[in-house]
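Colleague: I'm new to this one, so could you walk me through it and tell me where the labels come from?

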Amino acid sequence: NFEPGFSSQNLFFADSEGTLSSIAINNGETVWSTELNFLASGTAAGFGIVVVADVDGNVIALDQKDGAQLWSTNVKGEILSKSVIDTKIVVVKSGSGELIGLNRVSGEIEWSYRSKLPPLTVRGSSSPVLSDDKVFVSFDNGRLGVFDINSGFPLWDGAISYVSGTSELANLIDGDSSPVIEGGLVYTTNYQGNLNIFDIAQKRSVWTNEISSFYSPIIMRGLLIVAEADSTMKSFSLTSLEESWINEDYLNRELSNPVSYKGSLIVGDFEGYIHIIDPLNGKTIGRKKLSRKPIKSIFTRSNSLYVIDEAFNLFSVNI
């Protein structure tokens, strides 16, 4: 959950101990650093502020220039995912299933929506996604919700998957991956559930495939690619939605989230390797060991690739 936030020149990176730093993108030097309470999720940056959340449910906004604290609001729930920042509203999603809109300038709560939380969930939470003044978010009950960002009014929702088991464990269908929005469609996944595509105009699901995943799907080079919970990778043609290839080389290697980078698919594993995969056929074309710790998160920004390991080491990588 400790994703970095980005501005034009700097990235903002926090660890669970509460150290938040502004780092120059071009050389990795620290511009400023501040110590906060233990944190529950990483940073979001936008419109001149950086937003983090601590383990006590405080959402904290700081100035991007010097790290000065602007406001702190307690939302009575742990925030386990990155927030989203708009011109007027900061949207956060709590581990208890509540979606909250905060005033970007003052931090006051403008609106809130509480989803129905199932008896059993995976510890983690998907980040909200903003598109055309609408907030798209997947909830722990396996549903996608769409809200007006200014009022918090629910516009429509749909099931990514339905429960079908006979026990609470079998019915664990957390939506811990953020929706991906492209071409008027919303691509979603959930654990022990589906890869599901929703049509925004029709406000309904238009295609599903049974898949269990913790990560958002990747759209690249005419393909829809998913890393499954057991680290199998699978792709589908975007035109026909027929299965294209399956890669089982990394079965049970606890893969990180996959990312698209310079036409290749990049993923990390529990032994500290990053792997480069040809997205057209699923074959591995390169790999490099970066760390002695498991790779937990990979991010891209412009032409840069960033990797975070389990010990909160941040790597900038060229391929």
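**How the labels are earned**

Modeller: Sure. Of the 319 residues of the protein chain, 54% count as buried, that is, under 20% relative accessible area with a 1.4 Å probe and protein chains only, where exposed is over 50% and partly exposed is in between. Keep in mind that this is a predicted model: local features need pLDDT of at least 70, side-chain atom pairs count only at pLDDT 80 or more, and totals for chains, interfaces and linings use all residues. Residues are numbered from 1 along each chain as its sequence is written, and side-chain values use heavy atoms, leaving out hydrogens and water.

Colleague: How many helices and strands does the protein chain have?

Modeller: There are 0 helices and 31 strands. Both are DSSP runs numbered from the N terminus: helices are H or I with at least four residues, strands are E with at least two.

Colleague: Why is the protein chain called as compact as a globular protein of its length?

Modeller: Its radius of gyration, taken over C-alpha atoms, is 19 Å, and the globule rule (2.2 Å times the number of residues to the power 0.38) gives 20 Å for 319 residues; the two are close, so the label fits. The C-alpha atoms fill a box of roughly 50 × 45 × 35 Å along the principal axes.

Colleague: What makes Ser83 buried?

Modeller: Ser83 has a relative accessible area of 10%, which is under the 20% cut-off, so Ser83 is buried. You'll find Ser83 in the loop between β8 (69-74) and β9 (84-85). Leaving aside residues up to four places away in sequence, Ser83 touches Ala44, Val51, Val90, Val91 and Val92, where contact means heavy atoms within 4.5 Å.

Colleague: And which label does Leu155 get, buried, partly exposed or exposed?

Modeller: Leu155 comes out at 35%, between 20% and 50%, so Leu155 is partly exposed. Leu155 is in strand β16 (residues 154-159). With residues up to four places away in sequence not counted, Leu155 touches Lys134, Val146, Phe147 and Asp148.

Colleague: How do you know that β5 pairs with β6?

Modeller: Two strands pair if DSSP finds at least two bridges between them, and here 5 bridges join β5 to β6 (residues 49-54), so they pair; the two run antiparallel. Leu39 stands opposite Asp54 in β6. In the hairpin of β5 and β6, with 2 residues between the strands, Phe47 takes a positive phi near 50 degrees.

Colleague: What makes β5 mostly covered?

Modeller: Strand β5 (residues 39-46) has 7 of its 8 residues buried.
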